[in-house]
Amino acid sequence: MKYSQKGEFYGETNKTICLEGLTLTDTVYTHPKVDWHFHENAYFTFILQGNVIEGNKKEIYNCSEGNLLFHNWQEAHYNIKPDGFTRGFHLEIEKNWLDELDLNTDTLEGSLKIANPTIKLLMYKIFRVSKIEENNCDLATQTLLLEILSKLKKDNLRSVDKKPKWVIQLDEILHDLYSENLSLDYLSKTIDIHPVHLSRDFSKYFDCNLSEYIRKLRVEKALSLIAKQNYSLTEIAYQCGFYDQSHFNRCFKEINNINATQHAQIFFEK
């Protein structure tokens with residue numbers, strides 16, 4: 001079975017940044033298929049543009065723009081790239097880096113497809129840092145990565161403890177209907193939970209209030225639509241459920257610390 005060393009991915013590498021214990025790689029995938037292989041380090045794959053299919057011993061993931069995967073070290077998998085342009089951003093984590101910080105990924109065994117919008121938004125921040133602060137991104141990358149690992153561990157522990165059924169149902173509804181004008185009354189009736197209970201306990205499982213979570217889902221979707229280059233920012237604003245362009249701009253900057261136009265310039269910069 002093919003063994004991929006640090007920084008080795010299958011395609012044309014746009015950029016590789018080697019930090020202390022971490023490696024960031026921006027790659028355009030060019031291989032229609034990559035047979036079973038594994039990597040030296042634990043790592044994240046963030047699909048920036050296009051589509052890719054990834055299979056491991058347990059699951060098959062159909063990934064498109066904005067999808068995020070985590071792989072523990074030496075986890076075997078294969079990849080299939082459909083026709084078209086596909087680009088991925090990878091963040092590799094060496095075991096020594098984890099050991100020095102007294103961290104481990106034992107609770108993140110195998111491969112994971114990550115749905116948490118907060119984690120995806122943090123990964124977008126790491127990507128932007130790698131583009132605009134290439135020679136001075138160590139501290140920012142490590143800080144953001146530690147936040148991601150902390151949230152992943154918390155999510156994993158919550159799943160082990162078995163989230164209430166209504167939490168899982170609600171998250172599915174919000175991911176499907178994020179662009180709709182959802183009311184607390186509608187959501188509470190749909191999942192058969194008292195609105196006070198829903199509102200009070202939401203932050204316990206999502207680490208933010210309901211309206212903030214919906215804004216994050218909308219902004220995350222907007223980021224994936226920007227990557228497609230098929231829509232204007234005004235069209236994206238309405239597709240994602242924002243009242244108008246001004247509302248979109250305000251929410252986007254609040255979450256990303258830059259506006260959508262600035263993000264697009266950074267994202268597509270060679």
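Biologist: Why is valine 34 counted as buried?

Modeller: In this predicted model, valine 34 has a relative accessibility of 9%, and since buried means under 20% relative accessible area, valine 34 is therefore counted as buried. Valine 34 lies in strand 4, which covers residues 33–39, and, once its neighbours within four places in sequence are left aside, valine 34 is in contact with Tyr10, Tyr78 and Asn79.

Biologist: Why does histidine 90 count as buried?

Modeller: The relative accessibility of histidine 90 is 2%, and because the cut-off for buried is under 20%, histidine 90 counts as buried. Histidine 90 belongs to strand 10, residues 87–93, and its contacts, apart from neighbours within four places in sequence, include Phe9, Thr23, Tyr43 and Thr45.

Biologist: What makes the pairing of the side chains of histidine 90 and tyrosine 29 a polar contact?

Modeller: The side chain of histidine 90 makes this contact with the side chain of tyrosine 29 at 2.8 Å, and that value falls within the 3.5 Å allowed for a pair of N or O atoms, one able to donate a hydrogen and the other to accept it.

Biologist: How do you know that glutamate 65, placed in the loop between strand 7 (60–63) and strand 8 (68–71), counts as buried?

Modeller: Glutamate 65 has 12% relative accessibility, and as buried means under 20%, glutamate 65 therefore counts as buried. A polar atom of the side chain of glutamate 65 lies 3.1 Å from the backbone nitrogen of glycine 50, and, not counting residues up to four places away in sequence, glutamate 65 touches several others, among them Ile47, Ser224, Ala227 and Lys228.

Biologist: Why are helix 7 and helix 10 called oblique to each other?

Modeller: The axes of helix 7 (residues 210–228) and helix 10 (residues 260–267) cross at roughly 50° and come within 11 Å. Angles under 35 degrees count as roughly parallel, over 145 as roughly antiparallel and 65 to 115 as roughly perpendicular, with the rest oblique, and helix 7 and helix 10 are therefore oblique to each other. Their crossing is right-handed.

Biologist: Which residues of helix 7 and helix 10 meet, and how many of the residues in this contact are nonpolar, polar or charged?

Modeller: From helix 7, Leu223, Ile226 and Ala227 meet Ala260, His263, Ala264 and Phe267 of helix 10. The residues of this contact divide into six nonpolar, one polar and no charged.

Notes
Residues numbered from 1 in each chain as written. Predicted model: local features only at pLDDT ≥ 70, side-chain atom pairs only at ≥ 80, totals over all residues. Heavy atoms only, no water. Axes fitted to C-alpha atoms, helices over the stretch in contact; angles between N-to-C directions. Helix = DSSP H or I, 4+ residues; strand = E, 2+ residues; numbered from the N terminus. Left-handed = near helix turned anticlockwise from the far one by under 90°. Contact = heavy atoms within 4.5 Å. Nonpolar A, V, L, I, M, F, W, Y, C, P; charged D, E, K, R; others polar. Buried < 20%, exposed > 50% of the residue type's maximum accessible area, 1.4 Å probe, protein only.
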